Amino acid sequence: MQDTILTAILMVTSLEIICLGGMATEDSQCQRFEHPIVTSEELAPWLHVFRLENAVDFSQITFDPRQKELIVGARNYLFRLHSEDLSLIQGVEWRCDETTKKACYSKGKSTEECQNYIRVLLIGGDRLFACGTNAFTPICTNRTLSNLEETHDQISGMARCPYSPQHNSTALLASTGELYAATVMDFPGRDPAIYRSLGILPPLRTAQYNSKWLNEPNFVSSYDIGNFIYFFFRENAVEHDCGKIVFSRAARVCKNDIGGRFLLEDTWTTFMKARLNCSHPGEIPFYYNELQSTFFLPELELIYGIFTTNVNSVAVSAVCVFNMTAITHVFSGSFKYQENSRSAWLPYPNPNPNFQCGTMDQGLYLNLTERNLQDAQKFILMHEVIQPITPVPYFMEDNSRFSHVVVDVVQGKEMLFHIIYLATDHGTIKKILAPVNQTASSCLLEEIHIFPKKQWEPIKSLQILHSQSALYVGLQRSVVKIPLKRCQFYKTFSTCVGSQDPYCGWDLVLRKCTPLEESLSMSQWEQSISLCPKRNLTVDGHFGSWSEWKPCTHVDGSSVGICLCRTRLCDNPVPKCGGRQCEGSSIEIVNCSRNGGWTPWSAWSPCSTTCGIGFQVRQRSCNNPSPRYGGRVCVGQNREERYCNEHLLCSPHVFWTGWGVWERCTAQCGGGIQARHRTCENGPDCPGCSVEYQTCNTKPCPELKKTTPWTPWAPVNISDNGGHYEQRFRYTCKARLPDASLLDVGRQRIEMRYCSKDGATGCATDGDLLHSGHRSTHTINGAWSPWSPWSQCSRDCNRGIRNRKRICNNPEPKYGGLPCLGPPLEYQECNILPCPVDGSWSCWSSWSKCSATCGSGHYMRTRSCTNPAPAYGGDICLGLHTEEALCNTKKCPDSWSDWSDWSSCDVSGVQVRTRQCDVLFPVGQQCSGNTTESQPCDSDSNFIPDVTVARTSSMKEKRCGEFNLFHMTAVGLSSSILGCLLTLLVYTYCQRYQQQSHDATVIHPVSPAPLNTNITNHLNKLDKYDSVDAIKAFNKNNLILEEQNKYFNPHLTAKAYSNAYFTDLNHYDEY
């Protein structure tokens, strides 16, 4: 039993020693910088994958012109896929026939090699041009793009497609139909060529078996740019005469080159090549010589290239960027030429530095390129090296080889970003942020793991489709689509912005991570691209499995018991870099018991109130030890309380009562105001307002109409043939008002009638009278008098009413004449401007915190003139907008430290002592005074000054004692008088000197060449200037050599002049 217990103790001790020994290593690993990694498990929900049984080597991917479909070439297969989800549209099997396979086997090739590997996929219009190795017998077909089974013709693939699937090649179709291919033209692969076929132009190729043209090249890419076709490849450097080395090249040919007639017949006459440099600068530069892949951005004319070291060297890679301007400049420069195999390579001037591709207007068999055929045969290699746009590569990495590159241009919040995607040889994709300027460096944003660990495989093809914002990756057994924008992966603001991902930003309105185009507003879209992201290396700990049950001892006071125990370690995994420790128990004990015990009482808690009766609490726990496995629990209370502050009375609490009920609304409709009130209890200084208002009854009032009854008929002072006229009135008004009694009298309506004298015919109304034509020949119709002046406005402001009148007496209607037509009253709005609004104070704010904890601080509260603010000429608020009150007036405790001891006496007989302020941020009178204090040494001290110093000091003290107030006054007065006299003398002299200088200015040229300016005319023009301005104006057109940078005159640049000024009146030139 004791052996078991001792063994357990030794195991725990050794484990602790191992943990302590590993802490230093863990700390160093936690400090290392690592980029974020997107694992295959995290990436899986975002992927679309296409695979087919027996289909491998998905190495060729291209897009249809509408970018809705992918055309994929695999071994023995052609596929059409939807670009959205990689679903299959059409699959065509394209295998070798048995005869071709047998011939391939007879040449010593394996079954794996004797297959049809698709190596060329080119789209021209609605046709697909596809070529395959066809068991080392390359073949090409022309198919319908929308139906791959429909083959139009089949031709030999020699010089268009490689024989072996291991050979690198490149090809493109020009817009005019010519096929430009760079590949090997024979079975062994010893005859590389850049070859043009198809189309209307004659076929051309590079010189055969000539290492100065091509020397074991590995072709990478080709581009149709302007009048040239550019090829990028790597080859053995023929100009390097010290061992074997590989250089990267850029070559070009004219698209309309038709070859030579006798010399260079069927051969390019415009082929030129130059070296591409990608290196890390330094005293001994490090060169990345082998080009692996390129990507062309036509909008910016930039070519991104990835370069590596040789496969037999250390694995390092770099990304360099070139622009077409630099490439064109090198091809316009001098050549590198070797006279014979024993001579050195030397620069040779370019016979045609401004070389341009010619035209076909001169005839079919003339040299279109304006380049001499002898020069075209000799001068192939350019002397200068094509340099990248920055001396340091955009991105470098050790222990890794890049195989493919594509680039995306992303619009961020502040600028455009270039995102570089690099495929590595172990099947991952690195996402790089290119430098934003010449001084910045690149950032590795993340590394995408397509495969789980230990299942990596190389990437065969990498393409980008900007319209879909997606990467398309060709692998050995599948095609994978990876979205470029995975913003939904980031769930919080910190992770979204901290990812430094140019595609993503945090939308403050939607409160989620979105691409820019999905955000509601760019101003509400947060993005920060400033630092390279780091991977979180934190690892939380988790327990491993339990050990087996083992006997263990249990001590409880004087009794010892035997229990069963088992343990587990926090090692699955071990917590690292600040990760959480394992949660839970690391040991389990059964079949034993322990009685519980109280811990000591805790300290009393602070009183629950600052004034008035409160209470304090103290506690204890039953865990000293805790009762376990059937042991007794603790007896007694685990909590005690007591009263506190029972003798400290509180000041009355100032508070608002609850709000009262709302008062009646001031209007029944059309919008009114109602108020409610509250009161401040125990004082007048409650923060806030005692009255609160709100609008009420906002619904519009119903429209009311009011019409008075007709008045009785009344005779009018108009007679006609003994009869008379009568008239009556009524008024009508219509408005939206809460009460009909508020309607004012509105428009007047008048009716008239004619009554005969005898009453036999009754009375006729106005209409009957007018239609009857019964009128006296002596009638007088009424007419209105002029309008009276406008009456006074009913209001001084805010839209009042005024009126004016007229009378029907100009003349009055007589003898049955018609009365005046129209209203006798006219109304008009007046004083429509709003009434002035006097300002009123808002409620006081709450008192601020005291500005000092001691030494007399102050409270502060404010109010503003906004309840309402003064408007339309109203008065401003009267009174203070700020109130202050004293607080914390008690004296601050002393904050100085004690004085130090007096120092020893120095040579001047002074000793010093110091003190320090113990408060970090002094307030009020704290730390007022000096930090140092000095005093003269005592005469009886042990300090014995030097005799010479003492004598000098005593002499100075004596002289200082003799200089008194009288001496200071005398010296000051004398100095003032002397200064005035000196100023007057200088002023007189300068006035006289200035006049002499003006009369004696002479300009002499340094050289005998005459000045360009007529001097006499100049002096006449300068009469209006004073002497100094005249000299400046004259000298501006006759510059000395030092002033030519300030006033540049192209007619005087070949001459130098100087100006000399003489003040001697007896020696000057006469004009």
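A disulfide is taken here as a pair of cysteine sulfur atoms within 2.5 Å. The structure is a predicted model, in which local features need pLDDT of at least 70 and side-chain atom pairs count only at pLDDT 80 or more, while totals for chains, interfaces and linings use all residues. Residues are numbered from 1 along each chain as its sequence is written, and side-chain values use heavy atoms, with hydrogens and water left out.

The protein contains 11 helices and 57 strands; these are DSSP runs numbered from the N terminus, helices being H or I with at least four residues and strands being E with at least two. Of its 1071 residues, 36% are buried, where buried means under 20% relative accessible area, exposed means over 50% and partly exposed lies in between, for a 1.4 Å probe and protein chains only. The exposed surface of the protein comes to about 64200 Å², of which carbon and sulfur atoms supply 53%; accessible areas were obtained by the Shrake-Rupley method with a 1.4 Å probe, and for residues only the protein chains shown count as cover. Among contacts (heavy atoms within 4.5 Å) with a separation of 6 or more, 56% are between residues 24 or more positions apart.

The cysteines are considered next. A disulfide is a covalent bond between the sulfur atoms of two cysteines. By the distance rule, 20 disulfides are counted. One of them joins C104 to C114, with an S to S distance of 1.9 Å. The link of C104 and C114 is left-handed, with -80 degrees about the S-S bond. C104 belongs to helix α3 (residues 98-106) and C114 to the loop between α3 and β7 (118-124), so the disulfide ties together parts that are 10 residues apart in sequence. Both ends are covered: C104 is buried at a relative accessible area of 1%, and C114 is buried at 0%.

A disulfide is also formed by C607 and C644, whose sulfur atoms are 1.9 Å apart. The torsion about this S-S bond is 85 degrees, and the link of C607 and C644 is right-handed. Distant parts of the chain are linked by this pair, with C607 in the loop between β38 (587-590) and β39 (614-619) and C644 in strand β40 (residues 639-644), 37 residues apart. C607 is partly exposed, at 23% relative accessibility, whereas C644 is buried at 7%.

In the disulfide of C622 and C634, the sulfur atoms are 2.0 Å apart. The S-S torsion of C622 and C634 is about 80 degrees, and the disulfide is therefore right-handed. C622 and C634 each lie in the loop between β39 and β40, so the pair ties together parts that are 12 residues apart in sequence. C622 is partly exposed, with a relative accessible area of 23%, and C634 is buried, with 13%.

For C161, the closest cysteine sulfur is that of C131, at 5.4 Å, which is too far for a bond. C161 is buried, with a relative accessible area of 0%. C242, by contrast, is exposed, at 61% relative accessibility.

Nonpolar cores were defined as sets of buried Ala, Val, Leu, Ile, Met, Phe, Trp, Tyr and Cys residues joined through side-chain atoms within 4.5 Å. The largest such core has 50 residues, and those with the most contacts inside it are Y304, I420, L422, I429, L471, V473 and I482. Strand β27 (residues 416-424) supplies the largest share of this core, with six residues. When neighbours within four places in sequence are left aside, I482 is in contact with L43, L47, I429, I450, S469, A470, L471 and V473. A second, separate core has 32 residues, including Y223, I225, C278 and Y337.

One open sheet consists of three strands in the order β11-β12-β13, paired in the antiparallel sense; two strands pair if DSSP finds at least two bridges between them. Its edge strands, each pairing on one side only, are β11 (170-173) and β13 (192-197). With direction ignored, neighbouring strands of the sheet are turned by 15 degrees against each other on average; axes are lines fitted to C-alpha atoms, for helices over the stretch in contact, and angles between N-to-C directions run from 0 to 180 degrees. Strand β12 (residues 179-184) pairs with β13 over six antiparallel bridges. Within this part of the sheet, A182 stands opposite I194 of β13.
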